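Good morning, colleagues. Please have the sequence and the structure open as I go through the model.

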Amino acid sequence: VRTLSCWRARAMAVLSSMAVSAAMLLSCFPGVASWENRLSQSLLENENTPTLTFSILEPGTKPSCTTKMHKQMFEALYSHPQYTPNEYIADLIFINVDTMLQIMWPYRAEIGKKEGGDFDSDVYARNYEGNCQWHTVEPTDIYEATLKNYTAQCTKCSKTQKFVYFRSPNHWDQPECEFDLPLVRNRFTNFSMIFVGEDLTDELSEGHDVNFLQPLLDEEKDEMPLPEYRAANSTRYKACFIGAQSSDIRRAMFDTLNDIDGFYVHETIKWAKDNSEYKETMRKCDFGFSPRGDAHYSFRTTELLNMGVIPVIIDDAQREPYNIPLREWALRLPEGKIHKAEHFLNKISESEKDRLRENGRQMLQMCSTPERTTYTVVQALFDSLGDSDILMKSFRLSE
C-alpha cells in the first residue's frame, strides 16, 4: 500500500508539472521571451517532456554564511514546475546549504569602499549574511550531516535517489583545500552524487555532472547591444582581450597577440567598479578571448555573450557548460596554439559568425541571471539523465 501510494503521488506530481501553463513558466524569466517560449513549448509539447522531479532538503543547522546568488538560485528551484515538496518520491535531491559561496567579491569590494577599505578588504566577511569566508568547509559539513540524517530515515533513498552538490570554484589558491573536488567526492562515496559547478573539468567530472556559466551581476543585465550600435561605429577589431596577466595562458597571449593588426590586447591591473570603457571597446570586437585565469571559469564568457561578441575559449580542461557542445555557441582555441590565433579566426566564415552570434544570444538567455541559470541547470540535469534533449533542440546546430 505504501509503495502504491508513493507511485500515485509521483504520478500526480508529474501530471501536475506537465500541466503548468506557458504563462507560469514565462513569469520565471522576465524580460526575455524567446528562450522561455522555447522552453515552455518543449515542456508542454515535446515528446520528451521531463518526467523527473526534484525536492529540496532544509538543514537542521543554519550555515554561518549564505550568499545572494545561492538565495536567488534556491528561490528559483522552489518555484520550478518539476519541484515536489515530497522528498521521498523525488528523483533528485538538492540541499539548501551554500556550498558554492560564489559572487562574493563584488559585494565585498563595495562594502569595503564604504568603510574606507580597498578591494581586498575583509569587511565583507563581517557584513554579508554572517561570517562569509571563501575557504571554509563548514557548508559541506552541514550538507553531509543533512544528507546522512535524511538517508538514515529513508534507508533506500541513498540508492534510489541522486543528490546534487554545488561545488565551490574558490579553491584556486588552495591547491589541497578540503573542498577540492576529488576530496569532496570521496566524502560521498556511499551516495549517488551529481556535482554542479562553474569550473568543473573533464578529467575530474563524471557522467551526469553539470558545468554552468557564471551569471551576470545585477547591474549588467539586459545590455545586449542593438545592431545599430555596430553600424554606427567605424572602429572595429577582429579580436579583443582586456584583463590581467593572471595565468601562464594569459601571459602567452600578451607575448604573442599584442602586435597583430586588428587585435586589441590590453592589460588591467585590478578589478574596477566602473567598466564602461571595457564594454565600449569590447562591443567593437567580432571575437573576444576568454582564457582561463586563476580557475577554469570566468565572468568574461557571459559578459562577451551579453555584448554580442563571439567567445573564444582558451582552456583545454574546462567541461562544456550544460553539456552542450561548445562549437554550437563559441570557439575553442587550444592552449598550445595561441600563436595561431590570427589564422584560426580568419578561417571563420561570415555565415558561421552569424550562427555563433545567434546561438550566443540563445545561450545568454539561458544563463544571464541566477534564476535563468537555475532553470537551465535543472534542464541539463534532466537531459544528462536521459529524460529529454530539450537544451540541444533549442540551438541552431552546426553541420
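To begin, how many disulfides does the count come to? The count comes to two disulfides. I should state at once that what you see is a predicted model. One of the disulfides is formed by C154 and C157, whose sulfur atoms lie 1.8 Å apart. The cut-off applied here is 2.5 Å between cysteine sulfur atoms. The link of C154 and C157 is right-handed, with 70° about the S-S bond. For the chemistry, a disulfide is a covalent bond between the sulfur atoms of two cysteines.

Let me turn to the sheets. Strands of a sheet pair through backbone hydrogen bonds, either parallel or antiparallel. One open sheet has five strands in the order β1-β2-β3-β4-β5, and the pairing is parallel. Which strands are at the edges of this sheet? They are β1, residues 54–57, and β5, residues 210–211, each of which pairs on one side only. Within the sheet, β3 (residues 162–166) and β4 (residues 193–197) are joined in the parallel sense by four bridges. In that pairing, Y165 has F195 of β4 as its bridge partner.

Helix α7, residues 138–153, packs on this sheet and touches β1, β2 (92–95), β3 and β4. The direction of α7 makes about 170° with that of β3. Another helix, α16 (residues 370–384), lies across β1, β2, β3, β4 and β5. Its direction runs at about 145° to β2.

There is also an open sheet of five strands with the order β7-β6-β8-β9-β10, again with parallel pairing. Its edge strands, each pairing on one side only, are β7 (263–267) and β10 (331–332). Strands β8 (residues 285–291) and β9 (residues 310–314) run parallel and are joined by five bridges. P291 stands opposite I314 in β9.

I now come to the helix pairs. Two packed helices are described by the angle between their axes and the distance between the axes.

Consider α16 with helix α4, residues 68–79. These two pack at an angle of about 55°, and their axes are 8 Å apart. That angle makes α4 oblique to α16. The crossing of α4 and α16 is right-handed. Which residues meet here? From α4 they are M69, Q72, M73, A76, L77 and S79, and from α16 they are P370, E371, T373, T374, Y375 and V378. By class, this contact has seven nonpolar, four polar and one charged residues.

Helix α16 also packs with α15. The axes of α15 and α16 come within 6 Å and cross at roughly 100°. The two helices are therefore roughly perpendicular to each other. In α15, the residues Q365, M366 and C367 meet R372, T373 and T376 in α16. This contact divides into two nonpolar, three polar and one charged residues. Please note T373, which is in the contact with α4 and in the contact with α15.

Finally, α15 (residues 350–367) packs with α13 (residues 299–306) at an angle of about 120°, with axes 9 Å apart. Helices α13 and α15 are therefore oblique to each other. Is their crossing left-handed or right-handed? The crossing of α13 and α15 is left-handed. Helix α13 contributes T302, L305 and N306 to the contact, while α15 contributes G360, M363, L364 and C367. These residues divide into four nonpolar, three polar and no charged. C367 of α15 thus appears in the contact with α13 and in the contact with α16.

To summarise the helices, α16 lies across β1 to β5 of one sheet, packs with α4 and crosses α15. Helix α15 in turn packs with α13. Thank you for your attention.

Technical notes
Residues numbered from 1 in each chain as written. Predicted model: local features only at pLDDT ≥ 70, side-chain atom pairs only at ≥ 80, totals over all residues. Heavy atoms only, no water. Pairing = 2+ DSSP bridges. Contact = heavy atoms within 4.5 Å. Axes fitted to C-alpha atoms, helices over the stretch in contact; angles between N-to-C directions. Parallel < 35°, antiparallel > 145°, perpendicular 65-115°, else oblique. Left-handed = near helix turned anticlockwise from the far one by under 90°. Nonpolar A, V, L, I, M, F, W, Y, C, P; charged D, E, K, R; others polar.
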